[in-house]
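Morning, everyone. I'll put the structure up and then walk through a few places in it.

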Amino acid sequence: MAAPRPLLRWWSGPRPPATCRAAHSAKGCRRRGPLTVNSCVGDDREGLSGPGPDSAAPDAQVVAPGSEWEVDVRQLRSRAATRRKRHKKLLARLRKLPAGEVDSAFQELHEEAFAHVDCLTCANCCATTSPRILRKDVDRLAAALRMKPATFEERFLRVDEDGDLVLRETPCPFLGEDNFCAVYEARPQACRQYPHTDDRRMHRHLDITARNAAICPAVFGILERLAERH
C-alpha cells in the first residue's frame, strides 16, 4: 500500500512564548519531516474516550521538579478538588478588590510560574480538554492542512452541548508523542490564549481560572500563591 500523502510540514517557525498556549517549547519546534495521516490523525486514534478522574498527558509526571512550582500532573485533578473551597473563597475575596490590582497580581505570578513550568513536560490541557473552535480557527487550520474547511470540520470537530465547535476527541489529534503541537502556527485562538492568566482583564476570567486549576499546574500554583497573599 502506498504511503499516505503528507498533509503539511512540522512547524519550525518563530519562537513561541514560554507559556502553556499549546504544548510547545520556548526554544521552538525541533521536529522535522512530514506530517502524514497515519503519523498524527490516523483511524487508530478515533473513538478515544475522554479523560478519567486524574487523566494527564501519557508521559506527564512531575512539572517544574525541584522548584516551589513542582506539581505531579497525575495528581493535579484530585489536588485541585481538595482545594476547591479554598479557591472559591479566594475568588470571592478577589472580586472585592480593584480590577487593576487583580490583573497585576495574576500577571506577576504568570511570569513567575512560566519561568519554571515547561509545557512540554505537561501538555495536560492538550491531552484532556478541547478548546472552543471558532470559524476563523477552522479556516486557518484547514488551510494549514490543505483541506476544505467543511472537510476539516467533518473529520475533526463536533458541536458540544453549548452549541460550540470542539474537537471530536481527546487527546488532541495534533498533539505529538513528544508533546509538540503539529499545527502550532495555525492553532486555535483558545490555545493561543490559554491559560489566560496574563490577560490584561484577568478579573473577567476568575470562574474559568478556578476550573483550569484542575488542568494546568501553573494555574493551580498561581491560585495557591494568591490564597496565601489574600
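One cut-off before the residues: buried means under 20% relative accessible area, exposed means over 50%, and partly exposed is in between. Please also keep in mind that this is a predicted model.

Start with the cysteines. C119 has a relative accessible area of 3%, so C119 is buried. C122 is at 2% relative accessibility, so C122 counts as buried too. How many disulfides does the structure hold? Zero.

Next, a pair of helices. Helix α4 covers residues 99-113, and helix α10 covers residues 217-229. The two pack with their axes 10 Å apart, at an angle of about 130°. Because of that angle, α4 is classed as oblique to α10. As for handedness, the crossing of α4 and α10 is right-handed.

Which residues meet there? On the α4 side you have A105, F106, E108, L109, H110, E112 and A113. On the α10 side you have A218, I222, L223, R225, L226 and R229. Sorted by class, the contact of α4 with α10 has eight nonpolar residues, one polar and four charged.

Now a second helix pair, α6 and α7. Their axes come within 8 Å and cross at roughly 100°. That angle is why α6 is described as roughly perpendicular to α7. From α6, the contact uses R135, V138, D139, L141 and A142. From α7, the contact uses P149, F152 and E153. The class count for the contact of α6 with α7 is five nonpolar, no polar and three charged residues.

The loop between these two helices, α6 at 135-144 and α7 at 149-156, contains M147. Is M147 buried or exposed? M147 has 16% relative accessibility, which is under 20%, so M147 counts as buried. Setting aside neighbours within four places in sequence, M147 is in contact with A142, F152, R155 and F156.

Last stop, E70. E70 sits in the loop between β3, residues 62-63, and β4, residues 71-72. With a relative accessible area of 41%, E70 falls between the two cut-offs and is therefore partly exposed. Not counting residues up to four places away in sequence, E70 touches V62, V63, A64 and P65. There is also a long-range distance to note: the C-alpha atoms of E70 and G221 are separated by 8.6 Å, with the two residues 151 residues apart along the chain. For orientation, helix α10, with residues 217-229, is the one we met earlier packing on α4.

Definitions and conventions:
Residues numbered from 1 in each chain as written. Predicted model: local features only at pLDDT ≥ 70, side-chain atom pairs only at ≥ 80, totals over all residues. Heavy atoms only, no water. Disulfide = S-S within 2.5 Å. Buried < 20%, exposed > 50% of the residue type's maximum accessible area, 1.4 Å probe, protein only. Axes fitted to C-alpha atoms, helices over the stretch in contact; angles between N-to-C directions. Helix = DSSP H or I, 4+ residues; strand = E, 2+ residues; numbered from the N terminus. Parallel < 35°, antiparallel > 145°, perpendicular 65-115°, else oblique. Left-handed = near helix turned anticlockwise from the far one by under 90°. Contact = heavy atoms within 4.5 Å. Nonpolar A, V, L, I, M, F, W, Y, C, P; charged D, E, K, R; others polar.
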